[in-house]
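Here is a short walk through a structure, from its charged pairs to two of its side chains in helices. Keep the 3D view open as you read.

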Amino acid sequence: MPDGTGPDSLWNRVVAIVERREDDEDPLGWGYVRSLTQYTDHETRDPFAGLVDLLRRLGVVTGDDSTTVAVTALGRWSLTQAQTGRPRTVTLDMPADAVVEVLADHVHRGTDPWPAARRWLEYRHPADAARELLTAAASLSAAARIGAGDVTDSLGDQALAIWQTVAHLPNLGAHARVSLTALADEEPPITPADAHWLAVEFATAALDGTGPDEALTVLFDRLPGEDLEARMNMAAGLDHPDAARVTAAIQHSWTRAPSRRSTRSTSSRWD
């Protein structure tokens, strides 16, 4: 059965979202608006008539214009497939803990978290909102902390005061000190202890995103040591909540891949 044509129908909900993005002057939405409005019927002034005709030929809608269009089962299936694996959208009414989960998803995917949170911040006092994000992310996950930190750093001069107020929170100290170093010349340089802790932090985010191979790359690049074993021993001994999980996951992955192990020292306990 096709989707209905009422205001709550799938088609009209999609149109409403696109039009709202245009009204908000959201640069992320302009591409979608242009894609829709290029199909305007200039005789009837229906902005979506041409698109309806195209989609009807594909079998994803029925109807002749935007007043009679209805999404078919094939259309709903196509929409589901297109949305599979895409990050959730941050809505203006989302609480901070839900927003940081979306930011973490962007970190896992290697995409910039700032655009996802920009409008959410604009409808609040940016400094207070960023502080909420950092507080919510503190005990959630490494990727959440990285994402919330990136968003905070994007606030420019306002970020200095924000980082100073959350530096005492568990798992945010190293993030705060690094950002404060970059923002204020009088701050001391990053210490080796913070650099090593953040290496495990970013390795954790990599593990939860692309997997153990990327996590190993992060640790190998960011930690000192003569070989892989030295780096893994250092990582395992750091006071990071995920140190044991990261090193165990890397060990498990590499012990299951003989071709990789052959490139390392046979004396390593990671074989």
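Ten salt bridges turn up in a search of the whole structure. A salt bridge here is a side-chain nitrogen of Lys or Arg within 4 Å of a carboxyl oxygen of Asp or Glu. This is a predicted model: local features need pLDDT of at least 70, side-chain atom pairs count only at pLDDT 80 or more, and totals for chains, interfaces and linings use all residues. Residues are numbered from 1 along each chain as its sequence is written, and side-chain values use heavy atoms, with hydrogens and water left out.

Start with the network. Salt bridges link D53, R56, R57 and D64. Within this network, the side chains of R57 and D53 meet at 3.1 Å, N to O. Both residues sit in helix α3 (residues 49-58), four residues apart, so about one helical turn separates them. Helices (H or I, at least four residues) and strands (E, at least two) are DSSP runs, numbered from the N terminus. R57 is exposed, at 67% relative accessibility. D53 is partly exposed, with a relative accessible area of 23%. The cut-offs are these: buried means under 20% relative accessible area, exposed over 50%, and partly exposed in between (1.4 Å probe, protein chains only).

D64 forms a salt bridge with R56, at 3.9 Å from N to O. D64 is exposed, at 60%. R56 is partly exposed, at 33%.

Now move along the chain. D242 and R245 form a salt bridge, with 3.3 Å from N to O. How accessible is D242, buried or exposed? D242 counts as buried, at 16% relative accessibility. Its partner R245 counts as partly exposed, at 37%.

Next, look at W120 in helix α6 (residues 114-122). W120 is buried, with a relative accessible area of 2%. Leaving out residues up to four places away in sequence, W120 touches V90, T91, L92, M94, P95, A96, V99, A129 and L133. Contact means heavy atoms within 4.5 Å. The C-alpha atoms of W120 and D93 are 8.1 Å apart, while 27 residues separate the two along the chain.

Finish at T152, in helix α8 (residues 142-153). T152 is buried, with a relative accessible area of 0%. Which backbone oxygen does its side chain reach? The T152 side chain reaches that of A148, at 2.9 Å. Not counting residues up to four places away in sequence, T152 touches A130, L134, A159, I162 and W163.

Note on methods: Polar contact = N/O pair within 3.5 Å; in protein donor to acceptor, adjacent residues only side chain to side chain.
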